Amino acid sequence: MSFKNKVALITGGGRGIGAATAQLFAAQGARVAVSDMDIAPAEEVAGPIKGLAVACDVTNREQVEGLVARTVSELGRLDVLVCCAGITRDNLLFKMTDEDWDSVIDTHLKGTFLCARAAQKPMVEQKYGKMVFLSSTSALGNRGQTNYSAAKAGLQAMARTLAIELGPFNVNVNAVAPGFIETRMTRATAERLGVDFEAFKVGAASQIPLRRVGQPEDVANVIGFLCSDEAGFVSGQTLYVRGGP
Ligand code: NDP
């Protein structure tokens with residue numbers, strides 16, 4: 001995978017899977033815009049890789065359009081968009097509030113929609129682009145995640161649809177669907193359930209055929225592959241990264 005002379009924009013790039021993805025693209029020669037809700041985590045990741053740190057709430061159209069404009073003006077172009085920004089607001093249906101529903105749907109679905117719509121412009125103009133959306137095994141159904149599983153299934157449909165729309169302009173759009181990945185998100189889930197994180201990981205690993213939980217790099221490597229020219233004929237797919245089928 002070489003991303004020499006390429007520019008990658010990662011949302012949710014300040015932590016977890018997004019941070020590992022930003023580091024991978026930089027290591028393979030790309031110039032990277034690291035965007036996150038808050039500037040501090042974005043700067044922490046962007047600093048060592050000499051990237052551009054930008055604070056951006058992906059649910060805000062003006063901020064997203066500003067993020068893409070800044071990336072193009074300061075880094076010269078935009079070749080890769082990876083949408084990692086995400087949240088969970090888990091609850092059983094009878095306890096799930098309107099706020100739980102709206103915030104998760106907005107962050108994942110509207111956020112990815114706004115980023116993709118803004119990013120397609122320079123990509124279509126230059127007739128080259130790669131987009132990867134973060135789905136999840138929760139797209140297949142997961143207790144307590146009506147909001148999140150609906151959003152993550154929606155992102156697979158969005159990837160398929162945009163692969164059809166943008167394919168004629170040489171833009172590939174794919175999704176990755178991770179299982180249990182060791183990040184702040186899974187740590188927060190353990191906390192919410194009142195379970196020690198190490199015990200939570202051991203329990204999760206016992207259910208995974210490869211008998212371990214995933215690391216952010218496991219997902220970043222697959223995202224890198226999907227954005228590489230080696231995967232140039234792969235579009236509209238969802239690749240599960242979960243240590244098993
Ligand atoms: P993290 O919580 O470690 O990182 C997510 C980042 O997204 C955080 O920095 C968060 O900021 C940021 N973010 C949240 N809302 C917004 C917003 N509106 N605008 C911009 N940034 C925002 O999560 P992961 O790295 O674990 O997850 C990355 C993606 O992968 C998510 O889409 C997640 O749903 C998905 N995923 C994760 C799995 C896992 O097991 N970890 C499994 C399957 C999918 P802040 O800290 O301020 O909230």
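Reader: Let's start with Gln 145. How do I read its exposure: is Gln 145 buried or exposed?

Author: Happy to help, and keep in mind that this is a predicted model. A residue counts as buried when its relative accessible area is under 20%. Gln 145 has a relative accessible area of 6%, so it is buried.

Reader: Where is Gln 145 found, and which residues does Gln 145 touch?

Author: Gln 145 sits in the loop that runs between strand 5 (129-134) and helix 5. Leaving aside residues up to four places away in sequence, Gln 145 touches Thr 88, Asp 90, Asn 91, Ser 138 and Ala 150. There is also a polar contact of 2.9 Å between the side chains of Gln 145 and Asn 142.

Reader: Now a strand. Where is Val 176 placed, and what does Val 176 touch?

Author: Val 176 belongs to strand 6 (residues 171-178). With a relative accessible area of 0%, Val 176 is buried. Setting aside residues up to four places away in sequence, its contacts include Val 132, Phe 133 and Leu 134, and also among them are Val 219, Val 222, Ile 223 and Leu 226. As a distance to try in your viewer, Val 176 and Gly 154 are 13 Å apart, C-alpha to C-alpha, and 22 residues apart in sequence.

Reader: On to helices. How do I read a buried face, and which residues are buried in helix 7?

Author: The general idea first: an α-helix has 3.6 residues a turn, so residues three or four places apart point the same way. In helix 7 (residues 197-206), the buried residues are Phe 197, Phe 200, Lys 201, Ala 204 and Ala 205. Viewed down the axis of helix 7, these buried residues fall within an arc of 130°, so they line one face of the helix. What they pack against is helix 6.

Reader: Which residue caps the N-terminal end of helix 7?

Author: Asp 196 does: one of its side-chain oxygens lies 3.2 Å from the backbone nitrogen of Glu 198.

Reader: The ligand next, my favourite part. Which residues come nearest to the ligand?

Author: Of the 29 residues around the ligand, the nearest are Ile 17, Asp 36, Tyr 148, Thr 183 and Arg 184. By class, this shell has 13 nonpolar, ten polar and six charged residues.

Reader: Which helix gives the most to the shell?

Author: Helix 6 does, with three residues. At least two residues each come from helix 1 (16-27), helix 4 (98-126), helix 5 (146-166) and helix 6 (184-193).

Reader: Which polar atoms lie by the ligand, starting with Asp 36?

Author: An N or O atom in the side chain of Asp 36 is 2.8 Å from an oxygen atom of the ligand. A polar side-chain atom of Arg 15 lies 3.0 Å from an oxygen atom of the ligand, and a backbone N or O atom of Met 37 lies 3.4 Å from a ligand nitrogen atom. On its own the ligand has 890 Å² of accessible area, and the protein covers 92% of that.

Reader: One last feature: what is the phi of Lys 50?

Author: Phi of Lys 50 is near 55°, a positive value in a residue other than glycine. Lys 50 lies in the loop between helix 2 (39-46) and strand 3 (52-55), and is exposed, with a relative accessible area of 77%. Lys 127, also not a glycine, has a positive phi of about 55°. Lys 127 is in the loop between helix 4 and strand 5, and is partly exposed, with a relative accessible area of 49%.

Notes. Residues numbered from 1 in each chain as written. Predicted model: local features only at pLDDT ≥ 70, side-chain atom pairs only at ≥ 80, totals over all residues. Heavy atoms only, no water. Helix = DSSP H or I, 4+ residues; strand = E, 2+ residues; numbered from the N terminus. Buried < 20%, exposed > 50% of the residue type's maximum accessible area, 1.4 Å probe, protein only. Contact = heavy atoms within 4.5 Å. Near = heavy atom within 4 Å. Polar contact = N/O pair within 3.5 Å; in protein donor to acceptor, adjacent residues only side chain to side chain. Areas by Shrake-Rupley, 256 points an atom, 1.4 Å probe, with all protein chains shown as cover. Nonpolar A, V, L, I, M, F, W, Y, C, P; charged D, E, K, R; others polar. Arc of directions from axis to C-beta.
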